[in-house]
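Please look through the sequence and the model below before reading on. The paragraphs that follow take up the ligand's surroundings, then one helix, and then two residues in loops.

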Amino acid sequence: MVKNAILIQASHLSRTLTLGSEPLHVLKDLSFEVRRGEWVSLTGPSGSGKSTLLGLLAGIDTPTSGNLAIDGVDITHMSEHQLARIRNEKIGIVFQSFNLIPTLTAQENVEMPLYIRTSAGDAQKQARIMLQEVGLGDRLNHRPHQLSGGQQQRVAIARALVTKPAVLLADEPTGNLDTDTGDQVLELFAELRALFGLTIVVVTHDQQVADYADRTLHLVDGEFVRSMDEAPKYKAGA
Ligand SMILES: Nc1ncnc2c1ncn2[C@@H]1O[C@H](COP(=O)(O)OP(=O)(O)OP(=O)(O)O)[C@@H](O)[C@H]1O
């Protein structure tokens, strides 16, 4: 059976927060698709709604209105329990601050998402293989504080991908890394995309990071705009 080419389908998504008496329209009527195997950047100024949108795609938050389907499954009205299952099966997430558990080794951190789906022995084996894929086969027993920032992010990437998700979501994944280390992490994304046919969505405010993607969705004040619609960088004839 040919799998659906559309991996993420969002229709008229809105997210409104009610704080005090005034509603805050964080995301406004967003409709878009992401195709299987595509790499999309999500850019925009601070406060434009990037992380909020990523939270919806991750099933961490739910939209106020509209519909969202991931890998052919409509997740819009799912219970927290159902969303947790979708997150474990279909979604890998990487954050700016790595979010590793400090008391666990690299291997144990990567095993974690597998505990609810397989035996301890199998989890250990799969975690080892995934850490080898990200170039950390010789750091299995190191704890996060014994690893560099780039290595910690590689562990986080291994943890995100060990369940073989359809989509990797990343929120400023290079934000805590120097430029060279950040580039290495993005090169690793590209390798893993080729290896696993991954779909990738990266939130970033860094144009160089955004340029790794096939396509950019640019948010301003909760709405998509084309980057070229922004204020011109120079005046014609100046
Ligand atoms: N839990 C919350 N309570 C109150 N306001 C919130 C909450 N979450 C988000 N917001 C508001 O929603 C808007 C969008 O926030 P969001 O974090 O999605 O933006 P962002 O584009 O990711 O910003 P940044 O680049 O600074 O991380 C902001 O104005 C923010 O203040």
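Which residues are around the ligand? In this predicted model, they are Leu17, Leu19, Val26, Gly44, Ser46, Gly47, Ser48, Gly49, Lys50, Ser51, Thr52 and His205. By character, this shell divides into eight polar residues, three nonpolar ones and one that is charged. Strand E1 (6-19) and helix H1 (50-57) each contribute at least two residues to the shell, and H1 gives the most, with three.

Helix H5 offers a simple check on geometry. Its 13 residues (149-161), taken at 1.5 Å a residue, should span 18 Å, and because the C-alpha atoms at its ends are 18 Å apart, expectation and model agree. H5 is also mostly covered, with 10 of its 13 residues buried; these are Gln152, Gln153, Arg154, Val155, Ala156, Ile157, Ala158, Arg159, Ala160 and Leu161. The cover over the buried residues of H5 includes strands E6 (91-95) and E7 (167-171), together with helices H3 (106-111), H4 (120-133) and H6 (179-196).

Some of these covering elements also border loops in which a backbone angle deserves attention. In the loop between E6 and H3 lies Asn99, which has a positive phi of about 55° although it is not a glycine. The loop between E7 and H6 holds Glu172, likewise not a glycine, whose phi is positive and near 50°. Are these residues buried or exposed? Asn99 counts as partly exposed because it has 13 C-beta neighbours inside 10 Å, whereas Glu172 has 20 such neighbours inside 10 Å and therefore counts as buried.

Definitions and conventions
Residues are numbered from 1 along each chain as its sequence is written. This is a predicted model: local features need pLDDT of at least 70, side-chain atom pairs count only at pLDDT 80 or more; totals for chains, interfaces and linings use all residues. A residue is near a molecule or strand if its C-beta atom, placed from the backbone, lies within 6 Å of it. Helices (H or I, at least four residues) and strands (E, at least two) are DSSP runs, numbered from the N terminus. Ala, Val, Leu, Ile, Met, Phe, Trp, Tyr, Cys and Pro count as nonpolar, Asp, Glu, Lys and Arg as charged, and the others, Gly among them, as polar. The expected span of a helix is 1.5 Å times one less than its number of residues. A residue is buried if 20 or more other C-beta atoms lie within 10 Å of its own, exposed if 12 or fewer, and partly exposed in between; C-beta atoms are placed from the backbone. Two residues are in contact if their C-beta atoms, placed from the backbone, lie within 7 Å.
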